[in-house]
Amino acid sequence: MWSSLVLRGSSCLLQVVSRGPQRLLRQTHQSSLCLRFLLHRHAHRLTGALCFQRQRADLLRGTHCSPLTVASRHYKNDPKSTVEVAVNPITVTDIRQYLRSKEVPFHDGYSCLHAPSIFVEPSGVPAGAASGKDTYSMFIDKTTGQFLCKDTLVEGSWEDLQDCLEVMQKEGQSFLSSHLLLGYADTPEEQEERGRELAEVQRIWGSSVPFSDLSDEEAQLVKTMFQVTKITNATFKKFGVRLFKPTKSLVFPWFRGPSSELRGLKLLSAQSSTTDDAGGVQYTEATMPKCNSYYNLFGLPLVGRLDSEVVLTGHELDVLAVSQSTGLAAVALPRGNSCLPPSLLPYLEQFRRVTLWLGGDMHAWEASRIFSHKLGLRRCWLVRPGDDQPRPAEALARGKNLARVVKGSIPAAHKSIVSFRQLRDDVYGELANTEQVAGVKWSRFPELNRILKGHRKGELTVFTGPTGSGKTTFISEVALDLCMQGVNTLWGSFEINNVRLAKVMLTQFSMQRLEENLERYDYWADQFEELPLYFMTFHGQQNIKTVLDTMQHAAYLYDINHVVIDNLQFMMGQENLSVDKFAVQDHIVGAFRKFATNSSCHVTLVIHPRKEEDDRELQTASIFGSAKASQEADNVLILQEKKLVSCSGRRSLQVTKNRFDGDVGIFPLEFLKASLTFSAPVKGKHKLRKVSKLEDEEGGETPKETAPPAKKGKADKAGKAAKAPHATKNPVDSGQSQAAG
Ligand SMILES: Nc1ncnc2c1ncn2[C@@H]1O[C@H](COP(=O)(O)OP(=O)(O)OP(=O)(O)O)[C@@H](O)[C@H]1O
């Protein structure tokens with residue numbers, strides 16, 4: 001179902017009623033009212049004047065929409081349904097020009113333009129007067145045009161805002177009362193679900209005990225359990241933290257809006273870590289609403305209107321630690337360092353200085369560098385992780401001076417030319433954290449870990465294999481494995497449609513033939529929905545620019561870490577056919593390379609091989625096109641169909657390029673048809689081979705060395721974990737919350 005929205009002006013009733021198989025998703029999580037116009041798609045269905053205005057607005061913008069879909073948790077019984085997000089490649093210049101043309105005063109913020117809200121009655125202060133800037137409560141995201149009025153919590157897309165301004169102008173109104181805007185009509189099931197959820201939030205909150213009501217003994221016990229003994233009862237009280245005794249969980253409330261209504265909760269439990277010999281603690285957390293609708297910047301209600309400095313952390317306990325020991329304003333990202341949703345940016349606009357202290361490891365460091373681009377580099381300062389600078393709660397527990405750590409943070413904006421002196425700490429960080437620098441480990445493919453060491457941000461992987469050999473099926477499982485560990489993933493599947501791809505992935509996720517277990521469908525689909533997985537809705541030939549715009553947009557909205565493009569040939573047809581095909585491909589590969597580097601996002605590009613004789617194995621040089629693809633790639637992976645394994649029909653995966661550390665090699669794959677998965681065969685049956693880099697460069701196709709089977713260790717353990725798909729990690733858990741406290 002699409003949306004139904006009614007915008008009532010004083011003398012007109014304008015209604016958009018659009019029905020379709022999909023619905024538009026907006027970043028609506030902070031608002032009670034949400035504008036959901038689909039006017040650009042359904043102008044012909046609109047009544048009278050607004051329809052005309054819409055067309056004018058479209059002309060004015062000269063924009064187009066390209067689609068992106070996300071798995072939606074609202075479709076309980078049909079997770080294959082996709083949700084569209086309008087990609088709006090507007091620029092901040094377009095936004096400025098449009099606002100000027102409508103005589104809307106505004107000023108430039110860090111990530112947003114600030115304007116007087118059009119949803120509240122104007123005060124007596126003349127618009128644009130310097131003294132009135134404090135009252136500018138409408139924030140327009142410079143990258144997407146998404147807006148939020150902090151006074152009324154009305155929010156919507158750039159198109160929605162334009163519609164409102166057009167209506168205002170037509171009606172000669174100076175503002176639009178938010179009472180006249182009717183929100184999106186939920187389906188009865190959605191209303192029921194939301195009602196149930198809110199009742200549950202109230203129930204848990206109501207039966208939780210405020211920290212101040214706990215006996216000294218109880219409070220001490222809880223603090224010991226969570227290893228936060230240095231956080232005082234007064235700090236817990238100040239932030240409204242409670243204890244939910246039945247599950248021994250700390251309860252962090254989500255209050256939102258000017259009326260501080262209780263919108264949700266995060267429950268945090270602590271267990272002794274099984275992996276940490278030093279007696280650390282492992283946190284597990286649950287949110288209400290579920291994590292993909294949980295948008296609480298914990299700590300925000302305590303931020304003063306005049307505070308100009310904030311410490312951005314990855315965890316609620318870190319907020320308590322920073323606040324208590326530095327007195328600075330501090331907030332926590334709702335999903336740790338896995339993402340910074342743009343809908344939260346307006347709440348951070350007031351700060352002249354943002355210190356990002358997201359954790360104590362390299363993942364937190366990488367995330368803080370990415371987020372600082374969204375926040376505006378020049379106001380961001382980063383706490384470099386290290387033994388001396390663990391996450392705030394741990395730093396407090398270890399008796400560190402947190403104020404000094406914040407003061408010692410380094411500016412995020414760096415110069416174009418640097419000396420080694422400026423790089424030496426970065427180099428040290430890489431040397432001291434080799435495991436983390438190597439990237440996220442696969443849990444189902446220990447051999448890939450052995451050769452590639454991990455999946456790293458900002459790299460380009462080129463993947464090839466014979467036609468119909470199982471490239472899509474294999475890369476789907478490889479990407480799913482990472483996604484299950486919190487790697488935010490975007491799929492561009494141009495060859496097979498998203499429903500079929502999602503079916504393959506869901507089968508691989510559940511590791512069983514779901515056709516024969518339909519009664520288990522909801523169980524698996526519910527879990528699958530929670531993955532940070534997004535699909536572009538492109539199908540068939542596409543223009544490279546549109547695809548790149550969509551990737552850029554998704555990277556901004558969802559902090560995408562991995563884009564899979566299946567396959568490059570689907571971008572070739574749209575380009576100028578009079579130009580040499582190889583030159584077109586080189587251009588496309590170059591564009592993906594640039595995107596990967598600039599967006600710190602891993603891109604996996606499937607490219608067909610050139611036509612080879614059937615009985616020959618593929619090599620790096622078999623990739624279609626010139627040598628550019630393999631030169632630009634950091635990793636080259638080949639799905640080999642024959643020969644290298646004893647049984648014909650078996651597949652093996654060969655890594656022929658690995659820029660990270662040069663290790664290349666090949667290992668057999670065993671295809672399980674029921675679950676559409678590839679897993680390493682029983683050890684000893686097929687020996688793993690490690691090919692030296694030199695040998696590969698010389699074009700040696702018959703490796704002489706036989707490496708021993710992969711060592712027992714982390715990777716092996718991870719491999720076992722892969723066989724228990726239920727052990728999906730919440731993206732939050734995979735980051736900050738798994739850290740030993
Ligand atoms: N190792 C395998 N053994 C047998 N069948 C397989 C294997 N891997 C995949 N398949 C099946 O082969 C079919 C084609 O697989 P897939 O679409 O992944 O191939 P592809 O290489 O991506 O194809 P194309 O060259 O058309 O892009 C699917 O039905 C899949 O389930």
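**Close-up views of a predicted model**

A search of the whole structure, which is a predicted model, finds 0 disulfides.

**View 1. Two cysteines outside any disulfide.** Let's start with Cys339, which takes part in no disulfide. The nearest cysteine sulfur belongs to Cys291 and is 8.5 Å away, whereas a disulfide calls for two sulfur atoms within 2.5 Å. Cys339 has a relative accessibility of 7%, so this residue counts as buried. Cys380 is likewise in no disulfide; the nearest cysteine sulfur, that of Cys112, lies 13 Å away. With a relative accessible area of 1%, Cys380 is buried.

**View 2. An open sheet of 5 strands.** Here the strands follow the order β13-β14-β15-β16-β17, and their pairing is antiparallel. Why do β13 and β17 each have one side without a neighbour in the sheet? Both stand at the edges: β13 (209-210) and β17 (281-288) each have a single partner strand, so one side of each is left free of a neighbour in the sheet. As a general reminder, strands of a sheet pair through backbone hydrogen bonds, in either a parallel or an antiparallel way.

**View 3. The β15 and β16 pair, with helix α5.** Zooming in on the sheet, strand β15 (residues 249-256) is joined to strand β16 (residues 261-272) by 7 bridges, and the two run antiparallel. One pair to pick out is Trp254, whose bridge partner in β16 is Gly264. Helix α5 (residues 188-207) packs on this sheet and touches β13, β14 (242-244), β15, β16 and β17. The direction of α5 makes about 60 degrees with that of β16.

**View 4. The surroundings of the ligand.** There are 14 residues around the ligand, and those that come nearest are Gly468, Lys471, Thr472, Thr473 and Glu495. Which side chains place polar atoms by the oxygen atoms of the ligand? Lys471 has a polar side-chain atom 2.9 Å from a ligand oxygen, and an N or O atom in the side chain of Glu495 is 2.8 Å from an oxygen atom of the ligand. For a nitrogen atom of the ligand, look to Arg651: an N or O atom of the Arg651 side chain is 3.5 Å away.

**View 5. Helix α8 and the residue just after it.** Helix α8 (residues 316-326) has 8 of its 11 residues buried, so it is largely enclosed by the rest of the structure. The buried residues are Glu316, Leu317, Asp318, Val319, Leu320, Ala321, Val322 and Ser323. If you follow the chain just past α8, you meet Gly327, which takes a positive phi of about 75 degrees.

Technical notes. Residues numbered from 1 in each chain as written. Predicted model: local features only at pLDDT ≥ 70, side-chain atom pairs only at ≥ 80, totals over all residues. Heavy atoms only, no water. Pairing = 2+ DSSP bridges. Helix = DSSP H or I, 4+ residues; strand = E, 2+ residues; numbered from the N terminus. Contact = heavy atoms within 4.5 Å. Axes fitted to C-alpha atoms, helices over the stretch in contact; angles between N-to-C directions. Buried < 20%, exposed > 50% of the residue type's maximum accessible area, 1.4 Å probe, protein only. Near = heavy atom within 4 Å. Polar contact = N/O pair within 3.5 Å; in protein donor to acceptor, adjacent residues only side chain to side chain.
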